[in-house]
Amino acid sequence: MKNIAVFASGSGSNFQAIIDAVKNGELEANISLLVSDKVGAFAIERAKGEGIPFFAFTAKEYANKEEYEAEILKELKDKEIDFIILAGYMRLIGSTLLTEFEGKIINIHPSLLPAFPGKDAIGQALDAKVKVSGVTVHYVDAGMDTGPIIAQKPVEISEVETKESLQAKIHSIEHELYPAVIQKILQS
Ligand code: GAR
């Protein structure tokens, strides 16, 4: 069975969906580590509740990305991690991790890439007044949400859509799509 590390900066509802999919047998993987760049992230509480080891760091306490990614890399090697799963990790992955985990880093993004990359993809879609947005799962490269696309699902945006309602629609798609895509990749 493959060992995965989930990286999350926020609430971690996608992390929870991955945990739940492992528990109910839909995803065959060991969640061996949570990495977070926010020491107060709720994702860490989820890890604690599940007995999943976690590594939390504060980027500004390091001189640069190479330094904190070197620390992360130690943790990943210690836990013999096979794949890195980004789940709301709001930092670009640097060359330290990209080199060691080439083709083994996956991200989920709340838009139909290449539309609306970067921060606040949901707000960007509403501001652009598009009628359809969605969710993308993709491999991670050095760019901002630019790696090869693995899977996408559309979401219709209604006339009365709010940020909260669109976020809820997107989350419910993410929570089904991400564990299923991870399962396919880990077993292939
Ligand atoms: C998710 O919607 C994910 O697609 C997005 O952050 C949210 C995290 O929610 N990721 C990005 O925007 C990456 N560019 P969660 O903490 O509840 O899983």
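This is a walk through a predicted model, starting with an annotated domain and moving on through a buried histidine, an unusual loop and some helix packing.

Let's begin with the broad frame. The UniProt record, an unreviewed entry, carries the annotation "domain: Formyl transferase N-terminal" for residues 2–182. Over residues 2–182 the chain is 38% helix and 22% strand, and the C-alpha atoms at the two ends of this stretch are 11 Å apart.

A good place to step inside is His 109, where UniProt (again an unreviewed entry) places the feature "active site". His 109 is in strand E5, a strand that covers residues 105–109. Is His 109 buried or exposed? His 109 has a relative accessibility of 4%, and so it counts as buried. If you set aside residues up to four places away in sequence, you will find His 109 touching Phe 116, Pro 117, Gly 118 and Ala 121. The list of its contacts continues with Gly 134, Val 135, Thr 136, His 138, Asp 145 and Glu 174. Two of these names, Phe 116 and Glu 174, will come up again below.

From strand E5, follow the chain into the loop between E5 and H5, where Pro 114 is found. The backbone here deserves a slow look. Most residues other than glycine have a negative phi, and most peptide bonds are trans. The peptide bond from Leu 113 to Pro 114, however, is cis, with omega near 15°. Phe 116, found in the loop between E5 and H5, has a positive phi of about 55° although it is not a glycine. With a relative accessibility of 17%, Phe 116 counts as buried, and Phe 116 is one of the residues that His 109 touches. Asp 120 is also found in the loop between E5 and H5, and its phi is near 50°, a positive value in a residue other than glycine. Which side of the burial cut-off does Asp 120 fall on? Buried means under 20% relative accessible area, and Asp 120, at 39% relative accessibility, counts as partly exposed.

Next comes helix H5 itself, residues 121–128. The buried residues of H5 are Ala 121, Ile 122, Gly 123 and Ala 125. What do these buried residues pack against? Their partners are strand E5, strand E6 and helix H6, which covers residues 163–187. Just after H5, Lys 129 takes a positive phi of about 60°.

Strand E6 covers residues 132–139, and Ser 133 has its place there. Ser 133 is buried, with a relative accessible area of 2%. Not counting residues up to four places away in sequence, Ser 133 touches Pro 110, Ser 111 and Leu 112. Ser 133 also touches Ala 125, which is one of the buried residues of H5. The other contacts of Ser 133 are Lys 153, Pro 154, Val 155 and Ile 157.

Now turn to the helices. Two packed helices are described by the angle between their axes and the distance between the axes. Helix H1 (residues 13–23) and helix H6 pack at an angle of about 50°, with their axes 9 Å apart. That angle makes H1 oblique to H6, and the crossing is right-handed. On the H1 side, Ser 13, Asn 14, Ala 17, Ile 18 and Ala 21 make the contact, and they meet His 171, Glu 174, His 175, Tyr 178, Pro 179 and Ile 182 in H6. The residues of this contact divide into 6 nonpolar, 4 polar and 1 charged. Glu 174 is also among the residues touched by His 109.

H1 has a second partner in helix H2 (residues 42–50): their axes come within 9 Å and cross at roughly 25°. Angles under 35 degrees count as roughly parallel, and so H1 is roughly parallel to H2. H1 passes H2 in a right-handed crossing. The contact is made by Ser 13, Phe 15, Gln 16, Ile 19 and Lys 23 of H1 with Ala 43, Arg 46, Ala 47 and Glu 50 of H2. The residues of this contact divide into 4 nonpolar, 2 polar and 3 charged.

Our last stop is Phe 42, found in helix H2. Phe 42 is partly exposed, with a relative accessible area of 46%. Leaving aside its neighbours within four places in sequence, Phe 42 is in contact with Gly 10 and Ser 11.

Notes
Residues are numbered from 1 along each chain as its sequence is written. This is a predicted model: local features need pLDDT of at least 70, side-chain atom pairs count only at pLDDT 80 or more; totals for chains, interfaces and linings use all residues. Side-chain values use heavy atoms; hydrogens and water are left out. Axes are lines fitted to C-alpha atoms, for helices over the stretch in contact, and angles run from 0 to 180 degrees between N-to-C directions. Helices (H or I, at least four residues) and strands (E, at least two) are DSSP runs, numbered from the N terminus. Angles under 35 degrees count as roughly parallel, over 145 as roughly antiparallel, 65 to 115 as roughly perpendicular and the rest as oblique. A crossing is left-handed if the near helix is turned anticlockwise from the far one by less than a right angle, and right-handed if clockwise. Contact means heavy atoms within 4.5 Å. Ala, Val, Leu, Ile, Met, Phe, Trp, Tyr, Cys and Pro count as nonpolar, Asp, Glu, Lys and Arg as charged, and the others, Gly among them, as polar. Buried means under 20% relative accessible area, exposed over 50%, partly exposed in between (1.4 Å probe, protein chains only). UniProt positions are given in the numbering used here, feature names are shortened, and annotations may be inferred rather than shown by experiment.
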